[in-house]
Amino acid sequence: MKIKASPADIVIRVRADETITVVARAGEPVEYRTERADSPSCLGALYLGRVRTMVPALDAAFVDLGEKEDGFLPVAAKNAARKIREGDALAVEVVRDAEDGKGPRLARRPAEDAAAIAAGPAPRLLRPAPPLAIRVARDWPGPIRRIVVDDVDTLLALKAWCRDHRPALMEIIARHAPAGDILETDGLADRLEDLLAPWVALPS
């Protein structure tokens, strides 16, 4: 018999230099994410890229995004690889951030407005990456009981996104009203400190 997971609480703390999100079930943290303002994620960013190099041995292409590093675009089937040529312009989305000197991993996306894209230069950014708060609400696979955020601008952005994409979440988004750290108020700070410590004591 499959046990139904309890609904999640999403807690979002925003500071000038960093955003922290915690997903908790029954008061227990199950997911922790952080994003610094000086190194934001590119996950979900949509580009019109230009294929720089085809690598048949990897069934992949390196795509110029107009950024510091080219993106890596896997091509699953060889017949699909033949449809992509060096110099082609492609709409691609970042599905994994660049790390360890490797460029971001990409996936092809259909052009949202083929005429406008064809008329514009490549490479260029078509749609910036959504902020962390939106990605967490978008990506969480199970039921959500509430979303609490301590920043007005983030709250408004999250509500605007939910209104267009997940209207059912509109009623469960709230601003953290009490003074003090939102993680302290929700009782998550101590649990996070234990979970993120370099040494963890086991029951045995």
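Where does A26 lie? A26 sits in the loop between β2 (18-25) and β3 (28-36), and the notes below return to this residue after a word on the model.

This is a predicted model, in which local features need pLDDT of at least 70 and side-chain atom pairs count only at pLDDT 80 or more, while totals for chains, interfaces and linings use all residues. Residues are numbered from 1 along each chain as its sequence is written, and side-chain values use heavy atoms, with hydrogens and water left out.

1. Backbone at A26 and D59. Most residues other than glycine have a negative phi, and most peptide bonds are trans. A26 has a positive phi, near 50 degrees. With a relative accessibility of 78%, A26 counts as exposed (exposed is over 50% relative accessible area, buried under 20%, partly exposed in between, with a 1.4 Å probe and protein chains only). D59, also not a glycine, has a positive phi of about 50 degrees. D59 belongs to the loop between β4 (46-55) and β5 (60-64) and is partly exposed at 23%. Helices (H or I, at least four residues) and strands (E, at least two) are DSSP runs, numbered from the N terminus.

2. A cis peptide. The bond joining A122 and P123 is cis, with omega about 5 degrees. P123 is placed in the loop between α2 (114-119) and β9 (124-127).

3. Helix α4, geometry and cap. Helix α4 covers residues 152-165, 14 residues in total, and its end C-alpha atoms are 20 Å apart, in agreement with the expected 20 Å (1.5 Å times one less than the number of residues). At the N-terminal end, D151 acts as a cap: a side-chain oxygen is 3.4 Å from the backbone nitrogen of D153.

4. Helix α4, two sides. Which residues of α4 are buried? They are T154, L155, L158, W161 and C162. Viewed down the axis, these buried residues fall within an arc of 135 degrees, so they line one face of the helix (the arc is taken from the directions from the helix axis to the C-beta atoms). On the other side, D153, L156, R163 and D164 are exposed. The buried residues pack against β1 (8-14), α3 (132-139), β10 (144-149) and β11 (173-175), where contact means heavy atoms within 4.5 Å.

5. Nonpolar cores. A nonpolar core is a set of buried Ala, Val, Leu, Ile, Met, Phe, Trp, Tyr and Cys residues joined through side-chain atoms within 4.5 Å. The largest has 20 residues, and I10, I12, I147 and L158 touch the most other members. β1, α3, β10 and α4 each supply at least two residues of this core, and α3 gives the most, with five. Setting aside residues up to four places away in sequence, L158 touches I12, A133, I134, A137, I147 and I173. A second, separate core of 14 residues includes V51, M54, I84 and V92.

6. R13 in β1. R13 is found in strand β1. Is R13 buried or exposed? R13 is buried, with a relative accessible area of 17%. Its side chain makes a polar contact of 2.6 Å with that of D181 (a pair of N or O atoms within 3.5 Å; within protein, one must be able to donate a hydrogen and the other to accept it, and residues adjacent in sequence count only if both atoms are side-chain atoms). Beyond neighbours within four places in sequence, the contacts of R13 include E18, D150 and L183.

7. Cysteines. The count of disulfides is zero, taking a disulfide as a pair of cysteine sulfur atoms within 2.5 Å. C42 is partly exposed at 34% relative accessibility, whereas C162 is buried at 0%.
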